[in-house]
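Hi,

Here is the structure I promised to pass on. Have a look first, and then read on for what turned up.

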Amino acid sequence: MIHTLLFLFSLLTFSAHAAVQDFCVADLKGPQTPAGYTCKPAGTVTVDDFVSTGLRFAGNTSNIIKAAVTPEFAEQFPGVNGLGISIARLDLAVGGVVPMHTHPGGNELLLVTQGFVQAGFVSSANEVYVKTLEKGDIMVFPQGLLHFQVNAGGVTAVAFASFSSATPGLQILDFALFANDLPSKLVEATTFLDDATVKALKAVLGGTG
Ligand SMILES: *[C@@H]1O[C@H](CO)[C@@H](O)[C@H](O)[C@H]1NC(C)=O
């Protein structure tokens, strides 16, 4: 009995003195470091820093890709800062597509909760891995690899993607090529596409030059 009490007491004093940092809610106004944002003072942290209702509703799919990606990365959801985890909601209208893209900073685990999604990635060895997923199915996309998701049914599809990083990043290949001011001549030289095709894609995606 005495021993048990002493043991419990030593545990209590240990936890009182151990400087384990439980969390680091992002201070979005502070500097961003390779390890994430700096921490909000613990005294100003509330439960709402660890809760987000941002994924309750479908994103707006009235756009050229007929899809919406709603991220809950550290920037949108400061509570995940430093925890190596985050999530996003994916809404795909009929005909919707998330074009070829990568998350440079994290692995992705996709869970389909509605409809049908044809998803795939291309490995560094240029192997293609494609599968049509239905409600309840999951697929993993290794960090940094190009991948895509396409609505594969006649109904709206919904999926949730979790990431092994609070800041996985998102780089869309088509946007990198055709939605900025990278000169058409360079796009043509690096893709082997002809001038008319590059100009047409820039016109559709909002690129210049
Ligand atoms: C969805 O986006 C379109 C195009 O930007 C816009 O016209 C429309 O009002 C938006 N719908 C909602 C419900 O926000």
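A word on the annotation before anything else: UniProt positions are in the numbering used here, feature names are shortened, and annotations may be inferred rather than shown by experiment. Also keep in mind that this is a predicted model.

With that said, an unreviewed UniProt entry puts a "binding site" at His101, His103, Glu108 and His147. These residues span 47 positions in sequence, but no two of their C-alpha atoms are more than 11.9 Å apart, so they gather at one spot.

Going through three of them in turn:

- His101 sits in strand 5 (residues 97-102). It has 19 C-beta neighbours inside 10 Å, so it counts as partly exposed, since buried takes 20 or more. Beyond the neighbours within four places in sequence, His101 touches His147, another residue of the annotated site, along with Leu170, Gln171, Ile172 and Leu173.
- His103 is in the loop between strand 5 and strand 6 (108-114). This one is buried, with 25 other C-beta atoms within 10 Å. Leaving out neighbours within four places in sequence, its contacts are Glu108, Gln143, Phe163, Pro168, Gly169 and Leu170.
- Glu108 belongs to strand 6 and is buried too, with 22 C-beta neighbours inside 10 Å. Apart from neighbours within four places in sequence, Glu108 contacts His103, Val140, Phe141, Ala161 and Phe163.

Leu170 appears in the contacts of His101 and again in those of His103.

Now the interior. The largest nonpolar core has 18 residues, and those with the most contacts inside it are Leu90, Leu92, Leu110, Val112, Val117, Ala159 and Ala161. Two or more residues each come from strand 4 (86-92), strand 6, strand 7 (116-122), strand 9 (138-141) and strand 11 (157-163). There is also a second, separate core of 9 residues, which includes Cys24, Ala26, Phe73 and Phe77. That fits the usual picture: in soluble globular proteins, nonpolar side chains tend to be buried together.

Leu110 is a good one to click on: setting aside neighbours within four places in sequence, Leu110 contacts Ala119, Ile138, Met139, Phe141, Ala159 and Ala161. Ala161 is also a contact of Glu108.

One last residue, Phe57: is it buried or exposed? Phe57 is exposed, with 10 other C-beta atoms within 10 Å. Phe57 lies in the loop between strand 2 (36-37) and strand 3 (67-72), and its C-alpha atom is 9.7 Å from that of Thr70, 13 residues away along the chain.

Cheers

Note on methods
Residues are numbered from 1 along each chain as its sequence is written. This is a predicted model: local features need pLDDT of at least 70, side-chain atom pairs count only at pLDDT 80 or more; totals for chains, interfaces and linings use all residues. Helices (H or I, at least four residues) and strands (E, at least two) are DSSP runs, numbered from the N terminus. A residue is buried if 20 or more other C-beta atoms lie within 10 Å of its own, exposed if 12 or fewer, and partly exposed in between; C-beta atoms are placed from the backbone. Two residues are in contact if their C-beta atoms, placed from the backbone, lie within 7 Å. A nonpolar core is a set of buried Ala, Val, Leu, Ile, Met, Phe, Trp, Tyr and Cys residues joined through C-beta atoms within 7 Å.
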